[in-house]
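Let's take a walk through a protein fold together, one step at a time. Keep the 3D view open and turn it around as you read.

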Amino acid sequence: SKEACLHFLGNLFAGSSTQKKAAMDTIVLPDVLRLAKATNLKVAKEAFFVLANMTSGSRQHTDTIVKSGVLRQMAVLLCGAKWGVQRNVCQLVCHIAVAGSVEHIRELVSEGCFQPLVALLGVHDIPEDQSILEACVHNHT
């Protein structure tokens with residue numbers, strides 16, 4: 001399934017530098033970005049998992065993702081998607097904010113990604129992995 005393939009790619013980007021390089025040499029970023037904009041939220045969730053792990057690599061990967069136009073979709077999903085999708089988008093926002101440039105942070109703000117992220121901190125019915133949100137806010141400020 002698309003979800004399983006995307007999850008596999010996401011795990012490659014979470015691995016060693018050799019695994020990341022192999023994934024970057026073979027992955028077609030436009031396809032992952034297209035899947036991130038999918039209406040099928042299971043597919044979008046896994047696509048954002050891949051993108052979040054890609055941004056934990058080089059600033060070039062972060063720059064490519066920021067310039068792709070996916071930030072507006074991220075803000076929309078942070079406002080109303082199910083928690084699993086929100087969690088992966090949240091991780092991507094945090095990785096961009098930490099690994100990216102000042103310009104990347106400006107883009108996140110201008111596309112509306114931070115306000116929904118802050119709003120999620122006040123939600124009390126998020127599963128136990130809410131610590132992802134808290135870690136993003138406390139460890140990277």
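Start with two helices, α1 and α4: their axes come within 8 Å and cross at roughly 10°. Angles under 35 degrees count as roughly parallel, so α1 and α4 are roughly parallel to each other. The crossing of α1 past α4 is left-handed. Who does the touching? On the α1 side you'll find K2, E3, L6, H7, L9, G10, N11 and F13, and they meet K42, V43, E46, A47, F49, V50, N53 and M54 in α4. Sort the residues of this contact by type and you get 8 nonpolar, 4 polar and 4 charged.

Before going further, let's zoom out. What you're looking at is a predicted model. The protein chain has 10 helices and 0 strands, so if you trace the elements from the N terminus on, you just read α-α-α-α-α-α-α-α-α-α. Of the 141 residues in the chain, 43% count as buried. Now take the contacts between residues at least 6 apart in sequence: 65% of them join residues at least 24 apart.

Next, pick out one residue from that first helix pair. L6 sits in helix α1, which covers residues 2-13. Is L6 buried or exposed? Its relative accessible area is 4%, and buried means under 20%, so L6 is buried. What does L6 touch, once you leave aside its neighbours within four places in sequence? The list is V32, L35, V43, E46, A47, F49 and V50. Also look at L6 and F48: they are 42 residues apart along the chain, yet their C-alpha atoms are separated by 9.0 Å.

Helix α4 has another partner to show you. Helix α4 (residues 41-54) packs with helix α7 (residues 83-99) at an angle of about 25°, and their axes are 8 Å apart. With the cut-off for roughly parallel at under 35 degrees, α4 and α7 are therefore roughly parallel to each other. The crossing of α4 and α7 is left-handed. From α4, the contact uses L41, K45, E46, F48, F49, L51, A52 and N53, while α7 brings G84, V85, R87, N88, V89, Q91, L92 and H95. Split by type, the residues of this contact are 8 nonpolar, 5 polar and 3 charged.

Now for the inside of the protein. The largest nonpolar core has 39 residues, and those with the most contacts inside it are F48, L51, M74, V89 and V93. Several helices chip in: α1, α3 (29-36), α4, α5 (59-66), α6 (71-80), α7 and α9 (114-120) each supply at least two residues of this core. Which helix gives the most? That's α7, with 8 residues. Have a look at L51 too: not counting residues up to four places away in sequence, L51 touches L29, V32, L33, A36, I65 and L92.

Finally, move over to helix α8 (residues 102-110), the place of E103. The relative accessible area of E103 is 42%. Buried means under 20% and exposed over 50%, so E103 lands in between and counts as partly exposed. E103 and D63 are 40 residues apart in sequence, and from C-alpha to C-alpha they are 9.4 Å apart in space.

Technical notes
Residues numbered from 1 in each chain as written. Predicted model: local features only at pLDDT ≥ 70, side-chain atom pairs only at ≥ 80, totals over all residues. Heavy atoms only, no water. Axes fitted to C-alpha atoms, helices over the stretch in contact; angles between N-to-C directions. Helix = DSSP H or I, 4+ residues; strand = E, 2+ residues; numbered from the N terminus. Parallel < 35°, antiparallel > 145°, perpendicular 65-115°, else oblique. Left-handed = near helix turned anticlockwise from the far one by under 90°. Contact = heavy atoms within 4.5 Å. Nonpolar A, V, L, I, M, F, W, Y, C, P; charged D, E, K, R; others polar. Buried < 20%, exposed > 50% of the residue type's maximum accessible area, 1.4 Å probe, protein only. Core = buried A, V, L, I, M, F, W, Y, C linked by side-chain atoms within 4.5 Å.
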